[in-house]
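Let's take a friendly walk through one protein model. Keep the sequence and the 3D view open while you read.

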Amino acid sequence: MSLAAPKLDDRHFQDIVDEAKKRIPYYIKEWTDHNVSDPGVTMIELFAWMTDMILYRLNRVPDRHYVKFMEMLGISLKEAVPARAFVTFWLSAPQEMPVSIPAGTEVASTQTETERSIIFTTDEDFIVAPPRLTAVLSHRYEDDDEEREYVSFEARRVERGLENVAAFSDRPQEGDALYFGFANDISDHILGFELECDPSGGAGIDPSLPPYIWESSTGSLDDPWQPCQLDDGEDTTRGLNVSGRVRLHLPEMGKARVDAHNLYWVRLRLRYENEFINGMRPYRNTPRLNQVNVSSWGGSTHASHAQVIRQEPLGESDGSPGQTFNLQVTPVLRREEHEHLLVYENGQAVPWTEVPDFSQSGPEDRHYTLDSNSGELRFGPAVRQPDGDMRRYGRIPPRGARLVFRSYRSGGGLEGNVQAGVLNTLKTAIPDIS
């Protein structure tokens, strides 16, 4: 079933007749007979019938005709808007030095025999930094204390396996937490914990439904903690009962002050009873950790549905006003500061400026317009004035000058509305990124 075509004018024959009759008293007060037998009303009905036929045809004009009509009035379509996605990059193995993922890195969907790949590019630089673990704290009840207190452990000793860390109270209570403080900002990182667990602790739970949650600090007073996303199948510790690995996708983080330490925190908190999922059971005794090693496995950054085209040659100027050239890949996304035309004059690349129109352009202004949808690049015209002189609106590249568009991005539209997991191919080679 096809969708109903929208109507530009929904009036019909009788609506037009009624509207015309209402206007009669304003123009001809002497005309008092508005019945269908009146010759004047007959003429109104004739013109209403003709107008109705025109409206019928107008409502069936194709969309592309509307676009052309608007272009004749100087109104153009808005440029395409690219879809944005949060793309995760994985390291082949944790690295001791930071790994940079530069802006403009291309990722794509899998190309098939019938479908071309859909390309996204990262919007900004992202650095996967090794985490610098500085503090390890346990917030718990000690013996018969009525209030929780922070118990501190030496971070280096914990990493070397020289501490036996009781994660929670001896008899774990809801709200107990184990804190890991980091000196550097590891927002949007994939954080991996290699945990060596003491098998004598952690009894009483269902290992497939551990009663804890991983959270990170936000730096906000209103909402200081937010949950971390656990990577699928990446908690192999069976509720801190056996040695294994936990990998977390961290959100945007902020510093928080915990027990006089102002750091970026990731904590393991025991859920409150009202947060329990069906089947969860509390710990009877606290799990214990013999060793903890923390590393970065990658990170996530924003990418836009855009393909970057660099140094595209457009041809040579013939020196005439109003020349047009076309970019090869469309639609063209809104230009950024470094995306512009270069005109090679006397062997030198001279940047030109894009303008919406030439109404304010003088004869020596290096201006051009670019239609985002068609990719048509146009130089200013020369218009004859009433006194017979020719006025140029914008400078014209000299004859033989080579034209090169430095860079532009093409994308946007419905094609970029892809599902999660579709972007799975790295098109830009980066060392240590698998």
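The sections below cover backbone angles, a buried acidic residue, two sheets and one loop.

## About the model

This is a predicted model, in which local features need pLDDT of at least 70, side-chain atom pairs count only at pLDDT 80 or more, and totals for chains, interfaces and linings use all residues. Residues are numbered from 1 along each chain as its sequence is written, and side-chain values use heavy atoms, with hydrogens and water left out.

Helices (H or I, at least four residues) and strands (E, at least two) are DSSP runs, numbered from the N terminus.

## Unusual backbone angles

Most residues other than glycine have a negative phi, and most peptide bonds are trans. With that in mind, here are some places to look at.

The peptide bond from Thr-330 to Pro-331 is cis, and its omega is near -5°. You can find Pro-331 in the loop between strand E19 (324–326) and strand E20 (341–345).

Two residues other than glycine come next. Asp-188 has a positive phi, near 65°, and sits in the loop between strand E9 (177–182) and strand E10 (189–198). Ala-260 also has a positive phi, near 70°, and its place is in the loop between strand E15 (255–258) and strand E16 (261–270).

Are these residues buried or exposed? Buried means under 20% relative accessible area and exposed means over 50%, with partly exposed in between (1.4 Å probe, protein chains only). Asp-188 is buried because its relative accessible area is 16%, whereas Ala-260 is exposed because its value is 63%.

## A buried acid

Now go to Asp-198, in strand E10. Asp-198 is buried yet has no salt bridge, a term for a side-chain nitrogen of Lys or Arg within 4 Å of a carboxyl oxygen of Asp or Glu. The nearest side chain of opposite charge belongs to Arg-288, 5.7 Å away. For charge, Lys and Arg count as positive and Asp and Glu as negative, while His and the chain ends are not counted.

Which side chain shares a polar contact of 2.8 Å with that of Asp-198? The partner is Ser-200. A polar contact is a pair of N or O atoms within 3.5 Å; within protein, one must be able to donate a hydrogen and the other to accept it, and residues adjacent in sequence count only if both atoms are side-chain atoms.

Leaving aside neighbours within four places in sequence, Asp-198 is in contact (heavy atoms within 4.5 Å) with Asn-164, Asn-241, Arg-288 and Asn-290.

## Two open sheets

Two strands pair if DSSP finds at least two bridges between them. One open sheet has 4 strands in the order E18-E27-E20-E21, with antiparallel pairing. Its edge strands, E18 (306–316) and E21 (348–351), each pair on one side only. E18 and E27 (residues 402–411) run antiparallel and are joined by 9 bridges; Ile-309 has Tyr-408 in E27 as its bridge partner.

Another open sheet of 4 strands follows the order E19-E24-E23-E22, and its pairing is mixed. Here the edge strands are E19 and E22 (353–354), each pairing on one side only. E19 is joined by 3 bridges to E24 (residues 376–379), running antiparallel, and Asn-326 has Glu-376 in E24 as its bridge partner.

## A loop between helices

Lastly, find Asn-59 in the loop between helix H2 (39–58) and helix H3 (63–72). Asn-59 counts as buried, because its relative accessibility is 9%. Its C-alpha atom is separated by 47 Å from that of Ala-103, and the two residues are 44 apart along the chain.
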